[in-house]
Amino acid sequence: MLSISELSVSFGGVKALNLSKFELNDKELRVIIGPNGAGKSTFMDVLCGKTAPSSGTAYFNGEDLIGKSEVEIARMGVGRKFQKPSVFEGLTVFDNLLLGLKAKKGFLSSMFFKLADEESQRIREVAKRVNLENELYSIAGSLSHGQKQWLEIAIVLLQDSDLMLIDEPAAGMSDAETERTGALLCELSKENGVIVIEHDMHFVEQIAREKVTVLVRGEILTEGSFDEVKNNQDVIDCYLGTPNSAQTRK
Ligand SMILES: Nc1ncnc2c1ncn2[C@@H]1O[C@H](COP(=O)(O)OP(=O)(O)O)[C@@H](O)[C@H]1O
Ligand SMILES: [Mg+2]
């Protein structure tokens, strides 16, 4: 689904990202971990067209993402959920989802948009997938932090993204919310490719059924199963071993 080679990003002469190779299978759930400043968010910025790389290629379903705008990339089926929730706080959950659905259809059609039964149905379906079916008429600003994150995931889902990029979804969540978010991401990866950046190793353990990629100073230190990565001496030295670098619950 995604095939990256020699991808590099520099900020003022400093290399923030330098990936020689990164591959993601269809419907794979990949977790990316690594210390602060490792280039994880920058990687997602490049994939969604927010940041232009200095060199490299990133093929998504056979088409290069590099040089395309954020809008073009979203249309190609790459959806991004940012680190900070950015829902419309004053609107209901339903209306936030409705806007998500409109965004996909583009400006012109949204001007003439009439809420058909099937659209309303689709919103309900997606709300159910993210555990918000009982909050459809709540004001988004009154949701818990976790629920806002789920709402954002739902908005990305409504855009029919094939690949979802999710940056630190569990940050600031309660244990129960974290658990439900993990289950949700595993569920999503049955139908979508998912790349998740995460710090919370307890959460990583819950969702990492496939490969974990460890990014350090913009480069891939290693890739493997959760257990392989957790027990890798280089990973322990660069990331897990330092107190407070990797957050572990309990
Ligand atoms: N817009 C930017 N301008 C300049 N430097 C940046 C910018 N975005 C990120 N960086 C730098 O790039 C490096 C990687 O950052 P980032 O991708 O946010 O890391 P991570 O998400 O792994 O914590 C850091 O050194 C950061 O300071
Ligand atoms: Mg980050």
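**Note on the predicted model**

1. **Overall fold.** Contacts between residues 24 or more positions apart make up 67% of the contacts in the protein chain with a separation of 6 or more. The model is predicted. Its protein chain has ten helices and ten strands. Of its 250 residues, 50% are buried. The accessible surface of the protein chain is about 11,900 Å². Carbon and sulfur atoms hold 48% of that surface.

2. **The largest nonpolar core.** This core counts 47 residues. Ile33, Leu97, Leu151 and Leu185 touch the most other members. Helix α6 (residues 145-158) supplies the largest share of the core, with eight residues. In soluble globular proteins, nonpolar side chains tend to be buried together.

3. **Leu97 in detail.** Which residues does Leu97 touch, not counting those up to four places away in sequence? The list is Ile123, Ala127, Leu136, Leu151, Ala154, Ile155 and Leu158. One of these, Leu151, is also among the residues of the largest core that touch the most other members.

4. **Another core.** Apart from the largest core lies another, of 27 residues. Its members include Ile4, Leu19, Met44 and Val78.

5. **The ligand shell.** Ligand 1 is surrounded by Phe11, Ala16, Pro35, Asn36, Gly37, Ala38, Gly39, Lys40, Ser41 and Thr42. By class, the shell has four nonpolar, five polar and one charged residues. Helix α1 (residues 40-47) gives the most to this shell, with three residues.

6. **Polar contacts to ligand 1.** Which atoms come up to the ligand's oxygen atoms? For Gly37, a backbone N or O atom lies 2.8 Å from an oxygen atom of ligand 1. For Lys40, an N or O atom in the side chain is 2.8 Å from an oxygen atom of the ligand. For Ser41, a backbone N or O atom lies 2.9 Å from a ligand oxygen atom. Taken alone, ligand 1 exposes 560 Å², and the protein buries 53% of that.

7. **Val196.** This residue lies in strand β8 (residues 193-197). Is Val196 buried or exposed? Val196 has a relative accessible area of 0%, so it counts as buried. Leaving aside neighbours within four places in sequence, Val196 is in contact with Leu29, Arg30, Val31, Ile32, Met44, Ile166, Pro169, Leu185 and Ile207. Two of these contacts reappear elsewhere in this note: Leu185 belongs to the largest core, and Met44 to the core of 27 residues. Asp167 is 29 residues away from Val196 along the chain, yet their C-alpha atoms are separated by 5.9 Å.

8. **Thr222.** Strand β10 (residues 219-224) holds Thr222. Its relative accessible area is 18%, and buried means under 20%, so Thr222 counts as buried. Beyond neighbours within four places in sequence, Thr222 is in contact with Val212, Thr213, Val214, Val229, Asn232 and Val235.

9. **Gly241.** Here the chain has passed helix α10: Gly241 is found in the segment after α10 (233-240). Why is Gly241 classed as partly exposed? Its relative accessibility is 48%, and the partly exposed class runs between 20% and 50%. Not counting residues up to four places away in sequence, Gly241 touches Val235 and Ile236. Val235 is also in contact with Thr222.

Definitions and conventions: Residues numbered from 1 in each chain as written. Chains lettered and ligands numbered in written order. Predicted model: local features only at pLDDT ≥ 70, side-chain atom pairs only at ≥ 80, totals over all residues. Heavy atoms only, no water. Helix = DSSP H or I, 4+ residues; strand = E, 2+ residues; numbered from the N terminus. Buried < 20%, exposed > 50% of the residue type's maximum accessible area, 1.4 Å probe, protein only. Contact = heavy atoms within 4.5 Å. Core = buried A, V, L, I, M, F, W, Y, C linked by side-chain atoms within 4.5 Å. Near = heavy atom within 4 Å. Polar contact = N/O pair within 3.5 Å; in protein donor to acceptor, adjacent residues only side chain to side chain. Areas by Shrake-Rupley, 256 points an atom, 1.4 Å probe, with all protein chains shown as cover. Nonpolar A, V, L, I, M, F, W, Y, C, P; charged D, E, K, R; others polar.
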